[in-house]
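Visitor: Hello! I would like a friendly tour of this protein chain, one question at a time.
Guide: With pleasure; let us bring it up first.

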Amino acid sequence: MSRSIVIDDDGAPTIQNPSIGGVTTDNQSVFTVDVSDNDGINAGGFSVDIGDDTGLTTSADGVSYSSSAGELTIDPSGADVSDYPEGSVTATVTAEDTNGLTDTQSFSFTVDSEPPTLTFTQPTDGGSLNSASDITVDIADATTGPDTTTIDATLNGQTLSELSNTEVDDDDASDGIEYASGTLTISPGEANIPSLQQGSNTISVTAADSQGTSATEEISFEFDDVSPTVENIDVSEAPINNSDATEDQLITVTFNEDMDTSVTPEINIDTDGDGQASDESTSDQDIATLKEGIDNNGFGKDNGFNSEARTYNAVISSADFPADSNQTLNFVVTNANDVSGNALDTSADTGSIYVDTNSPTATADADTAIPDNIRGTIDVTEYFTVDSNGEGADEQLDVVYTYDEENDGDAGVYDDVIQNPETFDTTVLNETAVDFKVQVTDDVGNTQTANTEGVAGINVDNADPSVSASVSDGHVFAGDLTVSDIFNVQKGTYESITFEADVDGDSTLEEAGTDNTFTETQISVSDGTEFTATATVTGDASVTQDPSASVDVVVDDADDLGVATTEQDNGDVKITLTPEPGATLQSTTVTATQNDGSAEITLDESDFTEKQDRFGDYYYEATISNAPDGSYDVDVDSFTDNADRTQENIDVTDPAVIDNTQPGIENAYVTDADGDSMQITVVFNESVTGAAAADFAVDGTAADGIGGETDGDDTLTLTINRNIQTGDAPPVTVTGTVSEEYDGANEAASDDVADDDNTGLHSLQATLDEGLNSFSVPAASGGFSATELEDADGFQSVWYYDATSGEWVNWVPADGSDAAPFIEGGEGYLVEMSQQSTVDINVNTQPGLDDPFPTAQTLDEGWNLVGHYQEGAQEATTGTNDAFDSIAGNYETDSIYAQNGANPVAYEILPGDGDRDIKPGEAYWVRITADDVSYTEEPMTSAPGPIAQIA
């Protein structure tokens, strides 16, 4: 065996010739270096640190080695190689040959890819200058430094380097621009540098570093060296009157430009006219004390400057206004700067405020100067004294006179203005007491008032009194006589009226009473008394003789009214009213009421015909025709004759009987049922009597019981001891003798119901009230179309629950769009009516072999509308055989709502004690407390069945 050893006498790899040296402006330049070894280079043995990256190998994206070219490449565009940082960068390369020998070399270069930074220090962008101050800009480049030869500036469009004798890098500040120690200084207005313009200015500066990378920075700023002024001063209430001076006032100062809000202005008033703000040597007072932390006493504005910094708000305290003053006060505003720092120009006039706290005077003259009674035209101004309170002849006063009448319903309210007080026409006033008032207002709104109330009593007396009789001699009165009613009296409120009467016929007038306020004075006299009444008005100073009038009258208290009623041959009722001889009918009200209250007929005087007997006396007849058969009680509610004599509540002893038609059966419907029997209400066209159960057949079989046959109305109740199907309206037939209860003596028609007279039996007679009725039908199977409900007067629509969509649907026949729903037994519906009406319904009340009872349904949590499919009433509670037994524990017992029978529709809570049954034709709102509750109505028969609909 032989062995060999390879010795690398060529040494480690050679690393040389970097591609970047010195300065580069590209921070993504490709960096290459030559790497060679006679024995070959291990391409996977490189390690490179460059910039911010360390330990890069040729497996990194951006690092590669070409063995043919002997060149290592580092490319910052690769994903694993970072851009070179600004400034000095070191690249350290370690290479390995195929024998494992390594060498490391480091190379340095500078990256200058960023331009210089330019920072304006005076002014800043958006800032301001208030004098020709220098503009300063810091220029810096941390890598290679700025190239001063490249620095230039443009001020308001003029490039400074283009101006003669203007050089930045000559270290000569006299030309107005200089760069030294990293700061560029520009002096506007010096040498050839243009001056700043008032208002907005723009300056831009450009500079490059030694590599030629440049930057430009531009700012805008305001130049303002003009002092601000006050444009206006407002006070919330100006001028200030006596009322205003009792309250704090908002003062608003408006400047001509935006102000420095960090400086609080001082607002003073110059009271001595020296044009200066207050100080210790003057009598001026500082009145505008800024009240911090308040909303200016409700002025709705914040204290201090507003958002635009041009308006300043403060408050003048009420304590600072001089009392009993009449003067102009001048404002002086100081201590205010604009946003550029310019102080306020205080030489300009800043405004003034007029203060007048002297009120005018007004007084009512003494009682002796004001008359007690007024009439015709008067001068109201003579009742008062008004004065401007020493404010001078130029003071403008507004004087308003008003009045208040004692009986106008608003005492003390002077709301009637006198337009011409010097010539006021008092005839516009009522005859009553009156007070006058004056209100005096000066030209700044100071007001003073005075009135005559409590000073003088003034009465209006424009009417001349008069008296006349309102009736002729011999006039007849009935009852107690009110003497004042006999006369027409015109007098003033403060005049008196005296009524007298000669009651005993001795020609002596007995005083009946003095009536100053027109309270009725009555004289009680016996029937047939003749006497003389007199009325006299006294107390009016304007007449020379008191007016008086007399009249002879008769009191005849009662009229003997005779009343008779007779039945004519045709069954109508004739009513005769007969007053006493000589009297005539003036008015009357007569009422005829059927014995069971089902009919009432009212007559008045227009229904009666006036007739005369052979003696010439009057009587009056009226006839009641075409009224329903029955017995009628006739009452004369009132009767008044031509002498105003009245009788009331006269009862006619004998009732009147109307009998024009033969009795007959009109309707029949089921009113109750249980598992063994049914109750049927039979309706006739009039009251009947003498009926027995054997006189009736239901569906061909005799009735088993009867009730109500003797209670004097047009209905009776049959009982059958079985349940029958009523869907086909089986007949209810009279098979025996059933007679009318009220038989007229001269009736032409028969007194008995005709043999075999019959009517179809209805399953239900439903009364539907105005509004939204909860409704169901007692259908043990099947149902009927909702179109049958259109027979009810006032029917509008039906709401029904669509279980498929889970929504309530409204069927309105007038729309003609949707098909009518099928009304099923046990389901709950809502029937909308515009008026109360009844409707007869026929449904299958017994299930067939192929048509069983309704099946159980599922109720959900919340409100469910529950119907009733059986013909009988049933307790609503959860006991055995009670309606809601199947859902015991799953509904709120105090949350069952039933219609209460009111019209329009109203609802009531069904009591939980079972005192209120559920009934055929009704539906009930039940609040279920859980989902998926199976509900089956407990039947009154052996067959099961539900009644429910989810709401």
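Guide: A word before we begin: helices (H or I, at least four residues) and strands (E, at least two) are DSSP runs, numbered from the N terminus. Please keep in mind that this is a predicted model.

Visitor: How many strands are there in the chain?
Guide: Both kinds of DSSP run were counted along the chain. The count of helices is zero. For strands, the number is 80.

Visitor: What percentage of the residues in the chain is buried?
Guide: A residue is called buried under 20% relative accessible area. The chain has 951 residues, and the buried share of them is 43%.

Visitor: What share of the contacts with a separation of 6 or more comes from residues 24 or more positions apart?
Guide: A contact here needs heavy atoms within 4.5 Å. Among contacts in the chain with a separation of 6 or more, residues 24 or more positions apart account for 67%.

Visitor: How much of the area that the chain exposes do carbon and sulfur atoms supply?
Guide: Take the total to begin with: the chain exposes about 44700 Å². The part supplied by carbon and sulfur atoms is 40%.

Visitor: Which are the edge strands of the open sheet with the order 10-12-16-15?
Guide: This sheet has four strands with antiparallel pairing. An edge strand pairs on one side only, and that holds for strand 10 (117–122) and strand 15 (177–180). Neighbouring strands in this sheet are turned by 20° against each other on average, direction ignored. The edges asked for are therefore the two ends of the order 10-12-16-15, under the rule that pairing takes at least two bridges: strand 10 and strand 15.

Visitor: What is the bridge partner of phenylalanine 120 in strand 12?
Guide: Strand 12 covers residues 135–140, and five bridges pair it with strand 10 in the antiparallel sense. For phenylalanine 120, the partner in strand 12 is valine 137.

Visitor: Is serine 340 buried or exposed?
Guide: Serine 340 sits in the loop between strand 24 (326–334) and strand 25 (352–356). Beyond its neighbours within four places in sequence, serine 340 is in contact with Ser128, Leu129, Asn130 and Asp224. Because its relative accessible area is 10% and the cut-off is under 20%, serine 340 counts as buried.

Visitor: Why does valine 386 count as partly exposed?
Guide: Valine 386 lies in strand 29 (residues 384–387). Together with Leu397 and Val399, Val386 forms a nonpolar patch on the surface, with about 170 Å² of accessible area. Partly exposed is the class between 20% and 50%, so valine 386 belongs there with a relative accessibility of 31%.

Visitor: In the open sheet with the order 65-70-67-68, what is the average twist from one strand to the next?
Guide: This sheet of four strands has antiparallel pairing. Its edge strands are strand 65 (771–775) and strand 68 (807–811). From one strand to the next, the twist averages 25°.

Visitor: Which residue of strand 68 is the bridge partner of tryptophan 799?
Guide: Strand 67 (residues 795–802) runs antiparallel to strand 68, joined by five bridges. The partner of tryptophan 799 in strand 68 is asparagine 810.

Visitor: How many bridges join strand 47 to strand 51?
Guide: Strand 47 (residues 585–594) and strand 51 (residues 630–641) run antiparallel. One bridge pairs threonine 593 with aspartate 633 of strand 51. The number of bridges joining these strands is nine.

Technical notes: Residues numbered from 1 in each chain as written. Predicted model: local features only at pLDDT ≥ 70, side-chain atom pairs only at ≥ 80, totals over all residues. Heavy atoms only, no water. Buried < 20%, exposed > 50% of the residue type's maximum accessible area, 1.4 Å probe, protein only. Areas by Shrake-Rupley, 256 points an atom, 1.4 Å probe, with all protein chains shown as cover. Axes fitted to C-alpha atoms, helices over the stretch in contact; angles between N-to-C directions. Patch = residues over 30% accessible without salt bridge, like charges linked within 9 Å, V, L, I, M, F, W, Y side chains within 5 Å. Salt bridge = Lys/Arg side-chain N within 4 Å of Asp/Glu carboxyl O.
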